[in-house]
Protein chains: 2
Amino acid sequence: MIVQVKIQEQCFLKDPDSSELGQNIIANSISLIDEVGFEAFTFKKLAQRIESTEASVYRYFENKHKLLIYLVSWYWNWLDYRLTFAMHNISSPKRRLEIFVEHITQPVKVDPTFGHIDEVALHRIVISESSKVYLTKEVDADNEDGYFISFQKLVKELSMIVRELNPKYKFPSALISTVIESAHFQRFFSTHLCALTESDSESSLEKFLKHMLFSTISSTK
Amino acid sequence: MIVQVKIQEQCFLKDPDSSELGQNIIANSISLIDEVGFEAFTFKKLAQRIESTEASVYRYFENKHKLLIYLVSWYWNWLDYRLTFAMHNISSPKRRLEIFVEHITQPVKVDPTFGHIDEVALHRIVISESSKVYLTKEVDADNEDGYFISFQKLVKELSMIVRELNPKYKFPSALISTVIESAHFQRFFSTHLCALTESDSESSLEKFLKHMLFSTISSTK
DNA sequence: TAAAGTATGATAGTATTACTATTATAAAAA
DNA sequence: TTTTTATAATAGTAATACTATCATACTTTA
């Protein structure tokens, strides 16, 4: 059986999954962005690393921003796929939301299903770079082109579970998107700006987010 | 009486508040970043707008990243100053936290105390660009140089109020930093990615955040 | 009041980035 | 076998992110 994480076609010029060079581009852009950060990442450096040329990379992606959108979308689709799996046959909405928080707070493990993707490095990229995909002046155009549907789909699915748990709660999507973003920057803060958080480990972050999530959902006041 | 928002000296080469050119740099970098976004903002374009030269701008700021740190720090100091004022003589910690949420959710008004600063535009910049000041590979070095103390001070002060309200709650700083960041991207989502939030106005954002904040603080479970 | 210091402007120059275009060549498909 | 396609090699452009030098005007201070 083939499991593939499909990414909306608009964000690449040629499907990187369709060739060795393409998979090389993905694998090495993950390691390079992880090492030097998105600002210092260039197609030229990437081309040097894979012993190819800038022009060849440009045949797959219009620019590095589209490549980042691809990587982040891949991550959301992969998380969605793992969540679907983990929540399967679990009837309790509370338990399903717990599984969700556990998945976004616990350390990511490399998934051998996707050989060329280093999910651990990709997760670090998602933590520090994912908000840059939408925090731009092109956000409206990019959104119209459907670049953010992976994230939107995930938030929608999870907000439905919140609704199951408390149909009267008014802000399920806002709460889910807050929990997801919070998981990222609280993790970032605990590593780099520890004055901004008490969370110093995966398990304390999990506690913080579960408590916030369930207190908010169940509070009627 | 002179009210001045003081910014830590490390982030500029020459205090922009000390000269007309400096104030011009600040005023016009706010309007230019607001218009074109931080990525497309350059010192060359700024110099053209103020009819000066790139070299002159470089005499005030090492690079555009340091300038952004300056602007964002200015905003946090200004918010801190307004909060101190608004919370003065209010003994109830709950009411003080309500005032805090109202300040970060309600529309910003231009403050005539600071002639050359357009606080409304600056607030838009803070919403879409402020996280970029720390989401870099240089975050640890920048933090050691004290570039983030304005934000850290604000979070610390507010977390003390959370502690007053519930001394047993384990994550006051994490909660406050989450509420502040959430105020930003929920606002951004409601304008650009409305599928990610139910909040469609300042007042609904205020409701969402107040409910989340106080449910979390008071929930004992 | 003259000399010295300081701030800005004008101009030039460099390395890097973010691309686009052209041609050659090797491998795969028809 | 011809044609198509993918990639490599190379070159080139405009913009970015600076650094350096020098002239000049305006302020201090001796």
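Look at the protein surface near DNA strand C, and you'll find a mix of residue types: six charged and six polar ones, along with four nonpolar. Keep in mind as you go that this is a predicted model. In total, 16 residues surround the strand, and both chains show up among the closest, which are A:E54, A:Y58, B:S52, B:R59 and B:Y60. Which parts of the DNA do they meet? Of the strand C atoms that come within 4 Å of the protein, 58% belong to sugar and phosphate.

If you want one element to zoom in on here, try helix α3 of chain A, residues 54-58. With three residues, that helix gives the largest share of the surface near DNA strand C.

Now for some individual contacts. A:Y58 has a side-chain N or O atom 3.0 Å from a sugar or linking oxygen of DNA strand C. Over on chain B, the phosphates come into play: a polar side-chain atom of B:S52 sits 2.3 Å from a phosphate oxygen of the strand. B:K14 also has a phosphate oxygen of strand C in reach, with 3.4 Å between that oxygen and an N or O atom of the lysine side chain.

Next, turn to where the two protein chains meet. Chain A puts 54 residues into the contact, and chain B puts in 54 residues too. About 4400 Å² of area is buried between them, and carbon and sulfur atoms give 65% of that. What about specific pairings? There are zero salt bridges between chain A and chain B, but 26 residue pairs are in polar contact, counting pairs with both residues at pLDDT 80 or more.

On the chain A side, several helices each supply at least two residues: α1 (20-36), α6 (119-129), α7 (139-144), α8 (149-165), α9 (172-192) and α10 (202-218). The biggest contributor is α9 of chain A, with 14 residues. Sorted by type, the residues on this side of chain A come to 22 nonpolar, 20 polar and 12 charged.

Finally, how do the two chains relate to each other? Turn chain A by 180 degrees, with a shift of 0.0 Å along the axis, and it lies on chain B with an RMSD of 0.0 Å. That is the relation of a two-fold axis. The contact follows suit, with both copies using the same surface: 100% of the contact residues of chain A recur in chain B. To find the axis on your screen, look for A:S215, whose C-alpha is 2.8 Å from it, the closest approach of any chain A residue.

Methods. Residues are numbered from 1 along each chain as its sequence is written. Chains are lettered from A and ligands numbered from 1 in the order in which they are written. This is a predicted model: local features need pLDDT of at least 70, side-chain atom pairs count only at pLDDT 80 or more; totals for chains, interfaces and linings use all residues. Side-chain values use heavy atoms; hydrogens and water are left out. A residue is near a molecule or strand if one of its heavy atoms lies within 4 Å of it. A polar contact is a pair of N or O atoms within 3.5 Å; within protein, one must be able to donate a hydrogen and the other to accept it, and residues adjacent in sequence count only if both atoms are side-chain atoms. Helices (H or I, at least four residues) and strands (E, at least two) are DSSP runs, numbered from the N terminus. Ala, Val, Leu, Ile, Met, Phe, Trp, Tyr, Cys and Pro count as nonpolar, Asp, Glu, Lys and Arg as charged, and the others, Gly among them, as polar. Contact means heavy atoms within 4.5 Å. Buried area is the accessible area (1.4 Å probe) that two parts lose on being put together, summed over both. A salt bridge is a side-chain nitrogen of Lys or Arg within 4 Å of a carboxyl oxygen of Asp or Glu. Copies are superposed by least squares on the C-alpha atoms of residues with pLDDT of at least 70 in both.
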